[in-house]
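Open the model in your viewer and keep the selection tool at hand. This tour goes stop by stop.

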Amino acid sequence: MDFEQTLPREEHTMQLKGGLGRRISGIALWTAVAYVLLHLALVPVFSLLTRTEHKKGNTPRNWGLAYQFHEVKGFPGFAIPAWYVPGAANKPIILVLTGSGGNKYGTIAKLMTLSLHEKGYNVFLFDTRGQGQSRGIKTYGIGEAADVVRVLDHLSKIHPDKKIGAVGFSLGAASVLRAAGMDARLQAIAAYASYSELDSDLIRNGVAVQLKTMLRGKVPRKRHTYADYGVKAARWIVCPALVRVSLKLWSGTFRSIPTPQEAVAAFGDRALLLMQNDGDPEIPVRQLDALYQSAQTAKKQKMSFRSNTHEPPFWNEQFRGRFKAIIQGFFGKNLK
C-alpha cells in the first residue's frame, strides 16, 4: 500500500525534473541562437555607425582638378562610385583608398590626390562597400579586396597599357594588400596602418575602440564610467571566431581572400612601403613588424612615425610635408 501511494509522487517528481530540464535546454538553445545572431548583426551595425558620406556636389573640381566620374560594377546589386583624375599621358594610375571613417572626398583623399597629381600621376579614387556613396556593408578588408580587383578589371579595360599602384590607409591599406595577394596588376603599394591578420586580440580591441567612440559620443560625460564598463564587458562577450564568420558571410564572396600577411608573402619583386604610428591605439605595432618580416620582396620598406593616433597626423604641417615627399619618392622610384 505504501509503495503504491509513493509511486505517483515519484512520477510527479520525475515529470517536474524533466520539465525543468527541457526549460533549461530551451533557454540554453535560445541563448546560443541569440549569441550567434548578435555577432551576425554586429558587422552591419558597426558598418552603419562608422559610415561617413559626402555631398554629391563635393568633387575634385573643388580641389581645382578636372575629373571623370566612373561607375565600377561591384558586388551584384550595387556599383562602386569613383573619380578618375587624369594626369600625364605617360604616367601610371594610383588608387587611393581611405580608412573606415573616411571617403573619397575626405582630407586624406584630398591630400594624396593633390600630392600625386602634382607629379603627373593619374589618380583613381573610389568608395568601397559601405563607404561614402557606395552601398553595401563594410567587411573590413574581405569584400573590399574583391572590390579592388573589380576596379583593376575596370581600369585594365580602359587603360590596358598603364601600370597601377595604390596607397591605402587603415581599412584601405588592408584592402589593397589583400587584393595584391590575388592580383599582380597592383605593382607598387604604400600601406598605412594595416593589420597583418584579424586575430582575436585585434578583433576584441577593434570592437572596444568602436564601442568606446560611439558610446562616448552618445552618453553624457558624467556617465562615461558606465560606458567604459560596457566596453570592457564587450571585450569578453565578443567571440572572434564568430566575428570572422560574420565578416565572411556579409562579404558575399566565396572566393578565398588572403590576409595581408599572406598577401605580402606572395609579392614577388613588387614594391611595398609599410607605415604606422608607433603609439597606434587600434593596431599593435607588432602587426607592422609581422607584415614586414613576411614580405618576400627586396623592394620593401618599413617606416614608423611618432604619434599616439591611428590616423596619420596630417594636422601637423611638418608631418604633411614629410609624408608628401615619402609618397612621391616611393612611387617615383618604384612605379615608372
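Start with Leu37. Leu37 sits in helix α1, which spans residues 2-49. The model you are looking at is predicted. Now add Leu29, Trp30 and Val33 to the selection. With Leu37, these residues form a nonpolar patch on the surface. Together the four have about 440 Å² of accessible area.

Next, select helix α9, residues 285-294. Which residues of α9 are buried? They are Gln287, Leu288, Ala290, Leu291 and Ser294. These buried residues lie on the same side of α9, because they cover an arc of only 160° around the axis. An α-helix has 3.6 residues a turn, so residues three or four places apart point the same way.

Now look for enclosed space. How many cavities of 30 Å³ or more does a search of the whole structure find? The search finds 2. Go to the largest cavity, which holds about 70 Å³ of space. Select its lining in groups:

- Leu97, Thr98, Gly102, Asn103 and Lys104
- Phe126, Asp127, Thr128 and Gln131
- Leu171, Gly172 and Ser175

Colour helix α4, residues 171-180. Helix α4 gives the largest share of this lining, 3 residues.

For the last stop, select Arg185. Arg185 is in the loop between α4 and β6, the latter being residues 186-192. Is Arg185 buried, partly exposed or exposed? Arg185 is partly exposed, because its relative accessible area is 27%, and partly exposed covers the range between under 20% and over 50%. Finish by adding Lys163. Arg185 and Lys163 are 22 residues apart in sequence. In space, their C-alpha atoms are 7.5 Å apart.

Key:
Residues numbered from 1 in each chain as written. Predicted model: local features only at pLDDT ≥ 70, side-chain atom pairs only at ≥ 80, totals over all residues. Heavy atoms only, no water. Patch = residues over 30% accessible without salt bridge, like charges linked within 9 Å, V, L, I, M, F, W, Y side chains within 5 Å. Areas by Shrake-Rupley, 256 points an atom, 1.4 Å probe, with all protein chains shown as cover. Salt bridge = Lys/Arg side-chain N within 4 Å of Asp/Glu carboxyl O. Helix = DSSP H or I, 4+ residues; strand = E, 2+ residues; numbered from the N terminus. Buried < 20%, exposed > 50% of the residue type's maximum accessible area, 1.4 Å probe, protein only. Arc of directions from axis to C-beta. 1 Å grid on protein atoms, 1.4 Å probe; cavity = no way out; pocket = protein on both sides within 12 Å on 5 of 7 lines; lining within 4 Å. Points joined across faces, edges and corners; volume = space filled by probe spheres on them.
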